[in-house]
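Open the model in your viewer and keep the selection box at hand. The tour moves from one selection to the next and says what is found at each stop.

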Amino acid sequence: MKLRAIAHSRSGDKGTIVNISLIVFDPRHYPFIVRHVTAARVKSHFADLATGDVLRYELPRIGALNFVVHGLAGGGVTRTLALDAHGKSLSSALLEMEIDESLLG
Amino acid sequence: MKTVRIGCGAGFAGDRIDAASILAARGELDYLVFECLAERTIALAQQAKVRDPHLGYDPLLAARMEAVLPLCRERGTTIVTNMGAANPSAAAVVVQNIARQLGLQGLTIAALTGDDVRSVVDRGDFTINETNQPVASLGDSLVSANAYIGAEGIRHALELGADVVIAGRAADPSLFVAPLSYELGWSLDDWNEVARATLVGHLLECAGQVTGGYFADPGYKDVAGLDDLGFPLAEVSERGPVVITKVAATGGHVTPATCKEQLLYEIHDPGAYFTPDTVANFSQVSIEPAGTDRVYVDGATGKPRPASLKVSLAYRDGFIGEGQISYAGSGAEHRARLAADIVVRRLTRLGVDTQEIRCDIIGVSALHGSLSKNDCEPYEVRLRVAARTKSLGAAQAVANEVESLYTNGPAGGGGATRTTREVLALASTFIPRELVHCDIHTVVA
């Protein structure tokens with residue numbers, strides 16, 4: 001199962017830093033993403049696209065996590081050669097992450 | 001209890017004018033905000049102003065004003081915008097002339113200047129945040145330096161009775177903080193109220209992004225009527241939750257989910273969102289349904305505003321040349337990869353001076369690189385070759401080599417395109433806020 005089945009996402013950029021939110025459709029799934037979608041896992045998921053740290057912030061009131069991914073390859077929105085200069089499509093990449101359905105509860 | 005209705009008629013420079021007209025006509029607004037200034041936009045505007053001192057404001061300023069000014073005058077809606085870009089004073093004259101042509105005598109337009117801190121930066125000893133190099137190291141390549149100014153100047157213009165306030169590089173949420181604090185009698189050092197207004201601004205500033213735009217994912221997140229997407233407005237009272245909604249009988253929808261996505265858009269630490277007006281804490285914000293296309297938002301708090309202002313620096317950083325060409329049918333991806341190899345070898349053989357070359361196969365892995373999963377051969381793909389160069393000539397050579405694949409490359413290439421552009425790169429620095437002096441001058445139609 002992919003994260004897309006239980007959550008939605010939007011990304012935005014500030015230079016070479018991109019943030020990617022992850023918001024559960026059903027608040028009962030919030031503890032699952034807190035436990036299983038860790039900053040370390042997201043860092044390894046994006047290892048080829050970003051080289052820097054990944055920070056994670058928790059927003060339990062709205063059932064959301066916010067990932068801040070540093071060191072986007074290519075030098076940032078204004079000088080990168082990347083087709084998606086802003087990294088706006090990275091939300092879709094996060095939602096591709098495979099999750100273990102049996103742990104959902 | 002007083003309630004202010006404030007709407008957003010644009011979330012970027014090229015945004016839809018018809019949606020803004022509908023908002024002005026049917027939103028029963030006290031304030032209509034147009035947020036049209038991305039970081040790079042002001043640098044382009046600065047270059048336009050250098051070429052012609054009467055230009056340097058938003059290219060759609062006149063079209064937008066012609067569409068909404070009569071409606072706003074009729075309803076008594078005040079307009080606040082950063083469409084002044086690099087030249088708010090010239091923009092004010094444009095609006096004055098349009099108001100006269102439309103017979104809107106007496107309309108008062110205020111231009112807010114002072115965000116252009118090029119001379120301060122040139123004289124001072126400031127450090128580039130991203131590189132730790134002195135700003136002076138950018139030398140002649142520096143195109144513009146604009147401080148993100150806060151709500152103070154805009155609010156002052158409102159106190160002077162302006163019907164239209166035109167700023168340059170005001171921070172996006174400040175366009176909302178100024179009118180809300182002015183109308184509701186909030187002091188600009190009441191940090192919790194300023195944070196509340198900042199939250200409203202943050203949710204509205206991208207216009208359609210909170211009403212169902214940039215949201216739809218068929219089968220997972222369906223949104224009806226995106227061809228007629230309505231723009232958002234907020235109902236803000238002295239106390240209690242804010243209501244985020246949109247004009248009735250327009251496309252899109254406002255739901256807790258659309259508001260949650262926008263709450264975190266371009267946010268890093270939700271507990272410390274830095275603006276010129278406050279350091280806002282959005283981490284405890286609650287978002288609850290309040291009826292069809294109505295959402296309650298509450299719970300932002302604020303700390304004192306930062307002592308420094310962020311300055312956006314734009315500088316010339318060489319050129320990018322790009323070419324694209326498509327291949328289809330069996331073996332399309334193989335032919336595209338062969339084509340990429342030919343272009344890279346040709347550029348080496350010709351001695352074209354490139355700093356960096358990137359080849360993407362659009363349809364396979366252009367957006368997510370090695371994350372991409374492809375279980376079967378794509379029917380058609382598009383090769384994209386982009387390179388960074390020091391000279392325009394080298395950038396053109398890159399684009400030419402892709403176009404040359406027509407007659408010199410693999411079989412069946414079609415639809416080649418070529419582009420070259422000068423790169424305006426961005427960096428930032430901080431300057432003490434007391435070095436930034438804002439001025440207001442008003443013109444009357």
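In which strand of chain B is Ile320(B) found? Select residues 308–328 of chain B: this is strand E14, and Ile320(B) is found in it. Before going on, note that this is a predicted model.

**Stop 1: around Ile320(B)**

Keep Ile320(B) selected. Is Ile320(B) buried or exposed? Ile320(B) counts as buried because 22 other C-beta atoms lie within 10 Å, and the cut-off for buried is 20 or more. Next, show its contacts, leaving aside the neighbours within four places in sequence. In chain B they are Ala386(B), Arg388(B), Ala395(B), Arg421(B) and Val423(B). Chain A contributes Leu81(A). Now add Ala394(B), which is 74 residues from Ile320(B) along the chain. The C-alpha atoms of these two residues are separated by 8.9 Å.

**Stop 2: the domains of chain B**

Colour chain B by its domain assignment. Domain 1 takes in 3–114 and 149–306, and domain 2 takes in 315–426. How many Å separate the centres of the two domains? Taken over C-alpha atoms, the separation is 39 Å.

**Stop 3: a sheet and two helices in chain B**

Select 273–274, 279–281 and 301–303 of chain B, which are strands E9, E10 and E13. They form an open, antiparallel sheet in the order E9-E10-E13. Strands E9 and E13 of chain B are at the edges, and each pairs on one side only. Look at E10(B) and E13(B), which are joined by three bridges. Here Val279(B) stands opposite Lys303(B).

Add residues 191–204 of chain B, helix H8. H8(B) lies across E10(B) and E13(B), and its direction is at about 120° to E13(B).

Then move to residues 256–263 of chain B, helix H9. How many of the eight residues of H9(B) are buried? Seven are, and the helix is mostly covered. The buried residues include Pro256(B), Cys259(B) and Leu263(B), along with the charged-looking names Lys260(B) and Glu261(B).

**Stop 4: strand E3 of chain A**

Switch to chain A and select 17–24, which is strand E3. Eight of the eight residues of E3(A) are buried, so the strand is largely enclosed by the rest of the structure. On one side are Ile17(A), Asn19(A), Ser21(A) and Ile23(A). On the other are Val18(A), Ile20(A), Leu22(A) and Val24(A). In a regular strand the side chains alternate between the two faces of the sheet.

Now bring in the partners of E3(A) one by one:

- Strand E1 (residues 7–8) of chain A runs antiparallel to E3(A) and is joined to it by two bridges; Ala7(A) is partnered with Val24(A).
- E2(A) is also antiparallel to E3(A), with four bridges; Asp13(A) is partnered with Val18(A). The two strands form a hairpin with two residues between them, and Gly15(A) in the turn has a positive phi of about 65°.
- E5(A) pairs with E3(A) in the antiparallel sense over six bridges; Ser21(A) is partnered with Asn66(A).

**Stop 5: where the chains touch**

Finally, show both chains. The contact takes 27 residues from chain A and 39 residues from chain B. On the chain A side, strands E2, E3, E4 and E5 each supply at least two residues. Which strand gives the largest share of that side? It is E3(A), with four residues. By class, the side of chain A that touches chain B has eleven nonpolar, eight polar and eight charged residues.

Note on methods. Residues are numbered from 1 along each chain as its sequence is written. Chains are lettered from A and ligands numbered from 1 in the order in which they are written. This is a predicted model: local features need pLDDT of at least 70, side-chain atom pairs count only at pLDDT 80 or more; totals for chains, interfaces and linings use all residues. Domain bounds come from an automatic or database domain assignment. Two strands pair if DSSP finds at least two bridges between them. Two residues are in contact if their C-beta atoms, placed from the backbone, lie within 7 Å. Axes are lines fitted to C-alpha atoms, for helices over the stretch in contact, and angles run from 0 to 180 degrees between N-to-C directions. Ala, Val, Leu, Ile, Met, Phe, Trp, Tyr, Cys and Pro count as nonpolar, Asp, Glu, Lys and Arg as charged, and the others, Gly among them, as polar. A residue is buried if 20 or more other C-beta atoms lie within 10 Å of its own, exposed if 12 or fewer, and partly exposed in between; C-beta atoms are placed from the backbone.
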